[in-house]
Amino acid sequence: MSKRPITVSVDRLLRKRDTPAPRKLPADERSCPKCQTHWTSDEMRRNMRVCAACGHHFPAGARERLDQLSGGAPWVELWPELRASDPLQFVDLEPYPDRVEKAEAAGSNEALVVAEIPIGGHDCVAAIMDFSFLGGSMGSVVGEKLARACDRCVERNLPLVVITASGGARMQEGVIALMQMAKTVVAFDLMHDAELPVIVVLVHPTTGGVWASFASLGDVTYAEPGALIAFSGPRVIEQTTREKLPPEFGRAETQLSNGQVDDVVDRRELPARIGKVLGILERPSGMAPAPAVTMARAGAERAANAARTLPDLSRRVVSKVLRSDDKGGR
Ligand SMILES: [Zn+2]
C-alpha cells in the first residue's frame, strides 16, 4: 500500500474544472454494459443487437427477432387482436389496464408474438416472447396464443420454434396466470403426441413460471450466451438465504454444463442453426400424420363423449354404491 500523503489542492481542482471534460457518449440502450462500446442504431440492427466488440447480447423485440429468423422473408402474425381482460380488477401502484395501455403505447401488443414464418427455407410456427411488454410476463393471452400455436402446428403438420424471455407469471392476473403453466404444458404434450418437433431458445432472462413450464420442455433447447435461466433470480435467493451466489449462477453456460440446455448459440448463428435442425426433423410434405396423432384425436373424441355421459354415469355409480352399502349393512 502506498504511504504517500493525500494532498488536495483547491487551485488545481478549480483549474481542472475550467478545462472541459472530454464529451462522453450518452449511456443509453446502445452502450455496451460489458465493454462500454457505443453503437449506432443501424450498426446494432445489422449485428442483430450483439456487441461486435465483445459479443454481449442486447435485448431484442419479438418482431425484430422474427425478421432476424426469417432473414427478411415475409411472415404472417397470428392472433394479434387477443387482449387480456382484468377479471381481478387488480391495482398495485396503478391499475392493470393502465399498465397494459402503457406497454402497448411502447410498441408491442402482448408479451408473446406468434407468426407463421420460414426459417432457413423451412415453414414453421414461431412464438417469440417480448420482455419489453410487462417483463415478458405470462398471462392469459400468452397461454392462449401458445396453445393456439400448438393447435396450428398439429393442423398444418408444422414444427414449433419458441424464444422465451420472461420474468415469470403475470402477478396482475393472479391464479389465472398460474393456470397458464398447466395450459402450455398440455399444449406441448399435443405436439409430442403429434410427433412434431419443438425447438426452444432461452434468452435473457428466462425465469419463474415460464422456465418451470413450457420453456424447459423443448425437444431441442438452445440458450443465448450469458442468459439467466433459473426459477428464482440470484437477488431473490441471496435475500432469502443470506448467502452470496457465484456470478455464474443460472447462466446459460452453467446450465449447459449441468445438462439443462443442448447448446449455447450466438444470436447471429441462430437462424442457420434452427434452419438446419428443422431440415433434419421436419416431416416430408404430404406424409400422413403419425399413428400417434390419429390415436390422440380418437382419444380426445372418446374423452368428450365420456364427459357428455358423465352426469348419467355418476347417477348410476352413486345408485350402485348405495345398493352395495345396503347389502353390506345386512
Ligand atoms: Zn461490448
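1. The four donor atoms around the zinc ion subtend angles of 103 to 115°, and the arrangement is therefore tetrahedral. The model under review is a predicted one. The protein donors of the zinc ion are the SG atoms of Cys32, Cys35, Cys51 and Cys54, which lie 2.2 to 2.3 Å from the ion. Along the chain, these donors follow the spacing C-x2-C-x15-C-x2-C.

2. The zinc site also links distant parts of the chain, as the pair of cysteine 32 and cysteine 51 illustrates. Cysteine 32 sits in the loop between helix 1 (10-18) and helix 2 (41-46), whereas cysteine 51 belongs to the loop between helix 2 and helix 3 (62-70); the two are 19 residues apart. Cysteine 32 counts as buried because its relative accessibility is 2%. Cysteine 51, at 0% relative accessibility, likewise counts as buried.

3. The salt bridges deserve a separate comment. A search of the whole structure finds 19 of them. One of these joins arginine 63 to glutamate 77, with 3.1 Å between the closest N and O atoms. Arginine 63 lies in helix 3 and glutamate 77 in strand 1 (residues 76-78), so this pair ties together parts that are 14 residues apart in sequence. With a relative accessibility of 24%, arginine 63 counts as partly exposed.

4. A further salt bridge is formed by the side chains of arginine 170 and glutamate 110, at 3.0 Å from N to O. Arginine 170 is in the loop between strand 4 (160-166) and helix 6, and glutamate 110 is in the loop between helix 4 (96-105) and strand 2 (112-119); the pair therefore ties together parts that are 60 residues apart in sequence. Both arginine 170 and glutamate 110 are buried.

5. Within helix 5, arginine 148 and glutamate 144 are placed four residues apart, about one turn of the helix. These two residues form a salt bridge in which the closest N and O atoms are 2.8 Å apart. Arginine 148 counts as partly exposed because its relative accessibility is 27%. Glutamate 144 is also classed as partly exposed, at 25% relative accessibility. Elsewhere, Asp92, Glu94, Arg99 and Lys102 are joined into one network by salt bridges that share partners.

6. As to aromatic contacts, a search of the whole structure finds one aromatic pair. The partners are phenylalanine 188 and phenylalanine 214, whose ring centres are 5.8 Å apart and whose planes make an angle of 55°, a tilted geometry. Phenylalanine 188 lies in helix 6 and phenylalanine 214 in the loop between helix 7 (208-211) and strand 6 (220-223), so that the contact links distant parts of the chain, 26 residues apart. Phenylalanine 188 and phenylalanine 214 are both buried.

7. Helix 6 also contributes to the surface. Val175, Leu178 and Met179 form a nonpolar patch there, with about 310 Å² of accessible area together. Methionine 179 is located in helix 6, which spans residues 174-193.

8. A contact in space between residues separated in sequence involves leucine 146 and lysine 183. Their C-alpha atoms are 8.9 Å apart, although 37 residues separate the two positions in sequence. Leucine 146 is placed in helix 5. With 0% relative accessibility, leucine 146 counts as buried.

9. Three points of backbone geometry merit inspection. Histidine 204 and proline 205 are joined by a cis peptide bond, with omega about -15°. Proline 205 belongs to strand 5 (residues 198-207).

10. Leucine 134 has a phi near 45°, a positive value in a residue other than glycine. This leucine 134 lies in the loop between strand 3 (122-129) and helix 5 (140-156). It counts as partly exposed because its relative accessibility is 23%. Glutamate 195, also not a glycine, has a positive phi of about 55°. The position of glutamate 195 is in the loop between helix 6 and strand 5.

Note on methods
Residues numbered from 1 in each chain as written. Predicted model: local features only at pLDDT ≥ 70, side-chain atom pairs only at ≥ 80, totals over all residues. Heavy atoms only, no water. Donors = N, O, S within 2.8 Å, 3.2 Å for Na, K, Ca; no water. Tetrahedral: all angles 85-135°; square planar, octahedral: opposite > 155°, others 65-115°. Buried < 20%, exposed > 50% of the residue type's maximum accessible area, 1.4 Å probe, protein only. Patch = residues over 30% accessible without salt bridge, like charges linked within 9 Å, V, L, I, M, F, W, Y side chains within 5 Å. Areas by Shrake-Rupley, 256 points an atom, 1.4 Å probe, with all protein chains shown as cover. Salt bridge = Lys/Arg side-chain N within 4 Å of Asp/Glu carboxyl O. Phe/Tyr/Trp six-rings, centres within 6.5 Å; stacked < 30°, edge-to-face > 60°.
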